[in-house]
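Me: I'm new to this structure and would like a close look at a single helix, followed by a walk outwards to its surroundings. Could you take me through it step by step?

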Amino acid sequence: MPEKVEKKLVVVRADVLEKISEMARRENKTLFALVNEILQDALKVSEMKVTVGDLTNFYRLIKVQKDSGSLILPLDLFLKLVQKWENKEELEKEWFSAGEWYGKYLMAKFEDPLAILPSLLSTSLWHLSEVKMEGKSDGRAVISMIAPNADQLLLELTGKYLEGVMNALGFRSIKSDIVRGVGIIEFLRKL
Amino acid sequence: MKRKFLAAKENLADKINEIAKEHGRTVFSIVNEALGAFIRANEWGKDLTTIIEDARILEIARNSGMVLMPEPLHERLMESASFDSKMKEYWRSSGVVFGKYLDLNGIKDLKKVERVLKEVVGVNPDISISSERLVCISPRLGEKRSEAVAVFLEGVMSSMGLEIASREVSKGIIVLKFKRESEP
């Protein structure tokens, strides 16, 4: 005789339950079985000290990044390559145009790229400890970067990359202040 | 917002309840969040379990000191730099460190390593690993990058105790054969 499974009732949103019931039907599973699978996954995620919502959001944002042609690379190797480049001005131009391309990609992919940009930046710029973007009512936008242990050149190049992104999104840089470990760039919407 | 009751296994419901208390949340919000994530994953054509595993791999990559960089930038940097023995050593040791990091995170099984490497090496590479060999096919890798990736993969595999017996590297194709344990 199969072991009796003890059950408990939990409260959920009616619309969510409706969708899950439909999916259970499609997958030919009982609602009870599917819900238990999902809760099991949620518990697995909580062991990673994050929520399932945060994790799926992280995955989605990195997916956007990878779909745009980003690669995952060891930071130390990337830095070695950057440091070998002798012409800094040329390097800055390369980063600016890579940013510009990314900005155009976001414009093609999202209806409101500026709305998703802050989460994309904070999720994908792994070499920064913190990156924030703030829109001002007077048409200005400010991006701040904090990376106490980051290489100064890499921080400056990231600044150029962000200028490229914002340029494609209709903003020009009006002030850039990048000192050791911290960078603040101000932008103004282009007329 | 309309609410309804849903049956779940008692032990799971109890654990969710504990987590809710621990984090100052409600069971309602945690369960809805989990079900919502499942629905979204389905809309993306993936299942939640796969997304969780992929996200975990990405977390591991991030925590191991990797960065996300635009491919054209990397390509330009690689083109201009000479891939000398010093550079090769950097790539190799970077692979060794990454392999050790995987080991520390309990990723020892070759199939799991294969899955991680698929996520972190190049763009959608076709990688297969057995105890005899590793094959990596990624048509977008140029000659120099193929060599760099090969050296990195050698580092990863050697940190897992697999010594390289032979290697064939050409543009976009890497084949590493491992020494059998009995081989000298």
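**A close look at one helix**

Reply: Let's start with helix α1 of chain B, which covers residues 10-22. This helix has 13 residues and reaches 18 Å from its first C-alpha to its last, close to the 18 Å expected at 1.5 Å a residue. Please keep in mind that you are looking at a predicted model.

Which residues of α1(B) are buried? They are L12(B), A13(B) and I16(B). Seen down the axis of α1(B), the buried residues fall within an arc of 100°, so they line one face of the helix. Turn to the other side of α1(B) and you will find E18(B), K21(B) and E22(B), which are exposed. In general, nonpolar side chains tend to be buried together in soluble globular proteins.

What covers the buried residues of α1(B)? The cover includes elements from both chains: β1 (7-13) and α2 (31-47) of chain A, together with β1 (3-9) and α2 (27-43) of chain B. Just past the helix, α1(B) is followed by G24(B), a residue with a positive phi, near 65°.

Now let's step back to the chain that holds this helix. Chain B contains 7 helices and 6 strands. Starting from the N terminus, its elements run β-α-α-α-β-α-α-α-β-β-α-β-β. The radius of gyration of chain B is 21 Å, well over the 16 Å that the globule rule gives for 184 residues, so chain B is more spread out than a compact globule. Along its principal axes, the C-alpha trace of chain B spans about 65 × 45 × 25 Å. Chain B is divided into domain 1 (10-43) and domain 2 (70-178), and the C-alpha centres of these two domains of chain B lie 38 Å apart. Of the 184 residues in chain B, 38% are buried. Among contacts in chain B between residues at least 6 apart in sequence, 51% join residues at least 24 apart.

Since chain A helps to cover our helix, chain A deserves a visit too. Chain A has 7 helices and 6 strands, and along the sequence it follows the pattern β-α-α-α-β-α-α-α-β-β-α-β-β. With a radius of gyration of 22 Å, well over the 16 Å that the globule rule gives for 191 residues, chain A is more spread out than a compact globule. The C-alpha trace of chain A spans about 75 × 40 × 25 Å along its principal axes. Its division is into domain 1 (1-49) and domain 2 (71-189), and the C-alpha centres of these domains of chain A lie 42 Å apart. Buried residues make up 37% of the 191 residues in chain A.

How do the two chains meet? In chain A, 59 residues are in contact with 62 residues of chain B. The elements giving two or more residues to the side of chain A that touches chain B include β1, α1 (14-26), α2 and α3 (52-67) of chain A. It is α2(A) that gives the most to this side, with 12 residues. You have already met α2 of chain A, as part of the cover over the buried residues of α1(B).

Another place where the chains touch is G65(B), in the loop between α3 (48-63) and β2 (66-70) of chain B. Leaving aside neighbours within four places in sequence, G65(B) is in contact with P74(A), L75(A) and D76(A). With 16 C-beta neighbours inside 10 Å, G65(B) counts as partly exposed. G65(B) and M78(B) are 13 residues apart in sequence and 19 Å apart in space, C-alpha to C-alpha.

M78(B) leads us on to K144(B), which is in contact with M78(B) and F83(B), leaving aside neighbours within four places in sequence. K144(B) sits in helix α7 (residues 143-159) of chain B. The C-alpha atoms of K144(B) and F83(B) are separated by 7.4 Å, although the two residues are 61 apart along the chain.

One last stop is the largest nonpolar core, which has 103 residues. Those with the most contacts inside this core are A34(B), V149(B) and L153(B). Not counting residues up to four places away in sequence, L153(B) touches G95(B), L134(B), C136(B), I174(B) and L176(B).

Technical notes:
Residues are numbered from 1 along each chain as its sequence is written. Chains are lettered from A and ligands numbered from 1 in the order in which they are written. This is a predicted model: local features need pLDDT of at least 70, side-chain atom pairs count only at pLDDT 80 or more; totals for chains, interfaces and linings use all residues. A nonpolar core is a set of buried Ala, Val, Leu, Ile, Met, Phe, Trp, Tyr and Cys residues joined through C-beta atoms within 7 Å. A residue is buried if 20 or more other C-beta atoms lie within 10 Å of its own, exposed if 12 or fewer, and partly exposed in between; C-beta atoms are placed from the backbone. Two residues are in contact if their C-beta atoms, placed from the backbone, lie within 7 Å. Helices (H or I, at least four residues) and strands (E, at least two) are DSSP runs, numbered from the N terminus. The radius of gyration is taken over C-alpha atoms; the globule rule is 2.2 Å times the number of residues to the power 0.38. Domain bounds come from an automatic or database domain assignment. The expected span of a helix is 1.5 Å times one less than its number of residues. The arc is that of the directions from the helix axis to the C-beta atoms.
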